[in-house]
Amino acid sequence: MSERRPVAPNDLKAFWMPYTANRQFKSAPRMLVAAEGMHYTTADGRQILDGTAGLWCCNAGHKRPKIVKAIQQQAEELDYAPAFQMGHPKAFELANRLTELAPAPFEHAFFTNSGSEAVETALKIALAYHRAKGEGQRFRLVGRERGYHGVNFGGISVGGIVPNRRMFGTLLTGVDHLRHTHLPEQNAFTRGQPEHGAELADELERIAQLHGPETIAAVIVEPMAGSTGVLLPPKGYLQRLREICDRHGILLIFDEVITGFGRLGAPFAADYFDVMPDMIVCAKGLTNGVIPMGAVLATAAIHDAFMTGPEHMIELFHGYTYSGNPIASAAGLATLETYADEGLLTRGAEIGSYWEDALHGLRGLPHVVDIRNMGLIGAVELAPIAGAPTQRAFSAFLKAYEKGILIRTTGDIIAMSPPLIIDKDQIDQLVGTLAEVLQEID
Ligand code: PMP
């Protein structure tokens, strides 16, 4: 046997951390050791108010009893079941509950283990759907600048975040990008949906004409771009995308990994904006972030296009070892039950104006150049320090953590998306502490 290397259990070197400046973190680690309700507990025993629902995912807050119990029970009952002509009841139950919760056109759910995998699944379904209908020439995909669709190859190809793309070579071919919809000069400090920019959707028509509309398979957008700083769709923009897609037989995919499960004050962004895509990608809030799980919701038209060959043949050659995993399914069912019991999926609509007023109260504080909000999500954009982009927001994150609130930064933007159980006092604490932070950073 080859040599082995002893490693102390608390050594920080071995874990190559995701989406983290490893050297910076490991020189001054911030360890979270417990969580309950609206709070994290740190290794040094401090309580941190969760202003980000983990990573936009713990929509019902932390350590929710129903979810904890469901996971424990499921682990004792059935830990794992394979696919390949076998199933187990919880995955079917969850698909039923999920499609009941989704807008009526979405009759089918394909399970994955993450948002990234759900994105890949939706893109593959789109391409295979056109082939199944005899339109294999539709191979082009359209994404958008500043779009985030996870980190797998399809997702970074249609995604529009430059650092996520440029390390990794040629990516998928046949991909175009719409312009992003962030128009700071016209729309700064808008409450809710901005007025200006619906015409940016017309770029899809230009791309379609450039290549021939009959070559475009699908367009994927986040109805509200979360990871690049809470960029809200201009009024009429999504409707225009839908119209252009309809005109040319192009599928429209909404990536609702962040907007799904109540973030905007409705179950899905498709409800909120009243625009129906052909597929919805979701994850995160599906299991309250507790167990990794994602899903693609598809219409009957898409699903049924695959159900035409011999009955004993697999219709879609795609799936994961853990698709619809029993424990994840149990967590998903308990999560949806918790949302329903507590009315959380519409809570953003009820408390949204309090949130909006609190956030916009930060206008006029040092460095603040824009504030955006909707439901229970919001962003405060800071002027970058010349020559040191992202540093000001990062300082804000560090100071906020010291003062007991968790915020998230992306570039020079502070983003917040608290658990949907947040109360008015906690909104005051979150935004009040952020106000102190903004006054104290350079
Ligand atoms: N799409 C969107 C819109 C997201 O916000 C994310 C995660 N932040 C993903 C996809 C990827 O999800 P995951 O990290 O679970 O792969």
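Select L382. L382 touches H367, V368, V369, R392, A393, D412 and I414, leaving out residues up to four places away in sequence. Touching here means contact: two C-beta atoms, placed from the backbone, within 7 Å. L382 lies in strand 12. L382 is buried, with 24 other C-beta atoms within 10 Å. The cut-offs: a residue is buried if 20 or more other C-beta atoms lie within 10 Å of its own, exposed if 12 or fewer, and partly exposed in between, with C-beta atoms placed from the backbone. Now add P366. L382 and P366 are 16 residues apart in sequence and 8.5 Å apart in space, C-alpha to C-alpha.

Before going on, note what is on screen. This is a predicted model, in which local features need pLDDT of at least 70, side-chain atom pairs count only at pLDDT 80 or more, and totals for chains, interfaces and linings use all residues. Residues are numbered from 1 along each chain as its sequence is written.

**Strands 12, 14 and 15**

Select residues 413–416, which make up strand 15. Helices (H or I, at least four residues) and strands (E, at least two) are DSSP runs, numbered from the N terminus. In a regular strand, side chains alternate between the two faces of the sheet. Look at both faces of strand 15: I413 and A415 on one side, I414 and M416 on the other, and all are buried.

Next, show residues 377–382, strand 12. Strand 12 pairs with strand 15 in the antiparallel sense, over four bridges. Pairing requires at least two DSSP bridges between two strands. Pick G378 and find M416, its bridge partner in strand 15.

Add strand 14, residues 408–410. Strand 14 and strand 15 run antiparallel and are joined by three bridges. T409 has I414 as its bridge partner in strand 15. The two strands form a hairpin with two residues between them. In that turn, G411 has a positive phi of about 60°.

**The sheet 1-2-3-13**

Move to another set of strands. Four of them form an open sheet in the order 1-2-3-13, with mixed pairing. Strand 1 (32–36) and strand 13 (405–406) stand at the edges, each with a single partner strand, so one side of each is left without a neighbour in the sheet. Select strand 1 and strand 2 (residues 39–42): they run antiparallel, joined by four bridges. A35 has Y40 as its bridge partner in strand 2.

**Two domains**

Zoom out and colour by domain. Domain 1 covers 22–63 + 344–440, and domain 2 covers 67–342. These bounds come from an automatic or database domain assignment. The C-alpha centres of the two domains lie 26 Å apart. Where they meet, 35 residues of domain 1 are in contact with 30 residues of domain 2. On the side of domain 1 that touches domain 2, helix 2 (53–56), helix 14 (347–360), strand 11 (368–374), strand 12 and strand 15 each supply at least two residues. The residues of that side divide into 16 nonpolar, twelve polar and seven charged. Here Ala, Val, Leu, Ile, Met, Phe, Trp, Tyr, Cys and Pro count as nonpolar, Asp, Glu, Lys and Arg as charged, and the others, Gly among them, as polar.

**Helix 5 and Q73**

Select residues 115–132, helix 5. It has 18 residues and reaches 25 Å from its first C-alpha to its last, close to the 26 Å expected at 1.5 Å a residue. The expected span is 1.5 Å times one less than the number of residues. In helix 5, 13 of the 18 residues are buried, so the helix is largely enclosed by the rest of the structure. Just after helix 5, check G134: its phi is positive, about 80°.

Now go to Q73, in helix 3 (residues 65–77). Q73 counts as partly exposed, with 13 C-beta neighbours inside 10 Å. Measure from Q73 to A330: 257 residues apart in sequence, 8.7 Å apart in space, C-alpha to C-alpha.

**Two backbone outliers to check**

Most residues other than glycine have a negative phi. W56 is not a glycine, yet has a positive phi of about 60°. W56 is found in helix 2, and is buried with 25 other C-beta atoms within 10 Å. D274, also not a glycine, has a positive phi of about 55°. D274 sits in the loop between helix 11 (269–273) and strand 9 (279–282). With 11 C-beta neighbours inside 10 Å, D274 counts as exposed.
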